[in-house]
Amino acid sequence: MLELAHVTHVYANGTRALDDVSLSVPNGMFGLLGPNGAGKSTLMRTVATLQTPTAGSIRFGAIDVIAHPEALRETLGYLPQDFGVYPRVSAYDMLDHMAVLKGIAAARERKETVETLLNQTNLWSVRKKAIAGFSGGMRQRFGIAQALIGNPGLIIVDEPTAGLDPEERNRFLNLLAEIGENVVVILSTHIVEDVADLCPRMAVLAAGRIQLEGAPLALIEQTRGSVWAKTIGRDELDEARLRYEVISTRLFAGRTIIHILSHDDPGDGFAAVKGGLEDVYFSTLARSRRVPAEATSSAVAA
Ligand code: ADP
């Protein structure tokens with residue numbers, strides 16, 4: 001179990017990227033969903049001990065993460081948004097090198113680890129190729145391979161499917177799902193389907209605050225009876241926004257399908273639809289914009 005209590009982070013320029021975040025993350029896949037700028041990367045880097053929060057505490061099992069970052073690093077697998085530089089060394093050599101850094105000193109154990117990971121991530125056939133020449137999907141699978149070195153108990157994956165084509169994305173998500181239920185896996189993303197497909201638990205982060213937390217299925221159930229859909233022309237959208245609480249809009253065959261939130265039948269040609277996680281997410285974001293946390297304006301106040 002990973003537990004965050006009252007974690008706040010204010011950058012030097014006054015931006016309050018995290019604002020009193022408390023969260024309990026059990027074993028299994030946990031989706032952290034939020035729009036760009038929500039504070040996801042700040043939260044992921046903080047849990048990964050790459051930065052220290054301004055306030056709050058973080059525990060992973062018995063480890064006090066802020067007091068003993070080195071203890072967490074021993075059991076952490078981290079796949080950052082972007083590695084930055086992709087080396088010209090082969091996937092095999094790079095994994096071997098990273099295993100040394102992770103403290104796997106015995107050559108035989110390292111060989112076994114590296115070979116298992118290359119097979120698990122389906123990179124065995126390209127193990128001798130330079131990572132610099134890998135496709136986006138191969139790089140992400142390599143990212144997972146290096147994150148799994150040394151059997152981590154906590155795995156953090158930051159925006160993993162951005163830039164992957166559908167086939168690569170599927171392959172990558174299946175791989176993540178296989179990692180197992182005995183470790184904590186946090187998947188940070190702005191893509192609703194990634195969470196819907198994979199995560200038995202999730203939270204929505206916006207403006208540095210946890211806006212919603214729970215099991216996707218239960219959260220979807222809560223929207224039952226209050227999501228309504230209608231197909232309109234694009235020129236009708238502005239008026240619809242004024243009249244209704246529009247939670248999402250989607251183009252379909254040149255027309256716009258709008259979903260609105262309404263506890264009573266709005267009439268006017270709307271039909272009740274079974275809500276999905278998108279409806280949960282977008283209505284949460286709409287609510288968070290309507291009730292901006294007073295504390296999040298500190299950057300402006302300065
Ligand atoms: P996300 O990953 O959800 O897009 P981030 O954690 O990257 O969000 O950013 C949260 C907020 O903090 C944004 O307003 C961003 O501009 C700001 N921010 C991120 N990193 C820094 C930094 N090093 N210095 C100042 N502000 C930052």
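How far is an oxygen atom of the ligand from a polar backbone atom of serine 41? The answer is in the first close-up, and like everything here it comes from a predicted model.

**Figure 1. The ligand and its backbone contacts.** An oxygen atom of the ligand sits 2.8 Å from a polar backbone atom of serine 41. Glycine 39 has a polar backbone atom 3.0 Å from an oxygen atom of the ligand, and for alanine 38 that distance is 3.1 Å. On its own, the ligand would expose 560 Å², and the protein buries 63% of that.

**Figure 2. Who surrounds the ligand?** Look around the ligand and you'll meet Tyr11, Asn13, Thr15 and Ala17, then Pro35, Asn36, Gly37, Ala38, Gly39, Lys40, Ser41 and Thr42. Sort this shell by class and you get 4 nonpolar, 7 polar and 1 charged residues. Helix H1 (residues 40-47) supplies the largest share of the shell, 3 residues.

**Figure 3. A salt bridge between helices H3 and H4.** Side chains of opposite charge can pair when their charged atoms come close. Here the side chains of aspartate 96 and arginine 110 do just that, in a salt bridge with an N to O distance of 3.0 Å. This pair ties together distant parts of the chain: aspartate 96 belongs to helix H3 (residues 91-101) and arginine 110 to helix H4 (residues 107-120), 14 residues apart. Arginine 110 counts as buried because its relative accessible area, 14%, is under 20%. Aspartate 96, at 21% relative accessibility, is partly exposed.

**Figure 4. A salt bridge inside helix H4.** Stay with helix H4 and find lysine 111 and glutamate 115, which are 4 residues apart, so about one helical turn separates them. Their side chains meet in a salt bridge, 3.4 Å from N to O. Lysine 111 is partly exposed, with 46% relative accessibility, and glutamate 115 is partly exposed too, at 23%.

**Figure 5. A salt bridge between helices H6 and H7.** Aspartate 197 and arginine 169 bring their side chains together in a salt bridge, with 3.3 Å from N to O. Again the pair links distant parts of the chain, 28 residues apart: arginine 169 lies in helix H6 (residues 166-178) and aspartate 197 in helix H7 (residues 192-198). Is arginine 169 buried or exposed? Its relative accessibility is 17%, so it counts as buried.

**Figure 6. A network of shared partners.** Lys230, Glu239, Arg243 and Asp268 are joined into one network by salt bridges that share partners. Searching the whole structure turns up 11 salt bridges.

Notes
Residues are numbered from 1 along each chain as its sequence is written. This is a predicted model: local features need pLDDT of at least 70, side-chain atom pairs count only at pLDDT 80 or more; totals for chains, interfaces and linings use all residues. Side-chain values use heavy atoms; hydrogens and water are left out. A salt bridge is a side-chain nitrogen of Lys or Arg within 4 Å of a carboxyl oxygen of Asp or Glu. Helices (H or I, at least four residues) and strands (E, at least two) are DSSP runs, numbered from the N terminus. Buried means under 20% relative accessible area, exposed over 50%, partly exposed in between (1.4 Å probe, protein chains only). A residue is near a molecule or strand if one of its heavy atoms lies within 4 Å of it. A polar contact is a pair of N or O atoms within 3.5 Å; within protein, one must be able to donate a hydrogen and the other to accept it, and residues adjacent in sequence count only if both atoms are side-chain atoms. Accessible areas come from the Shrake-Rupley method with a 1.4 Å probe; for residues, only the protein chains shown count as cover. Ala, Val, Leu, Ile, Met, Phe, Trp, Tyr, Cys and Pro count as nonpolar, Asp, Glu, Lys and Arg as charged, and the others, Gly among them, as polar.
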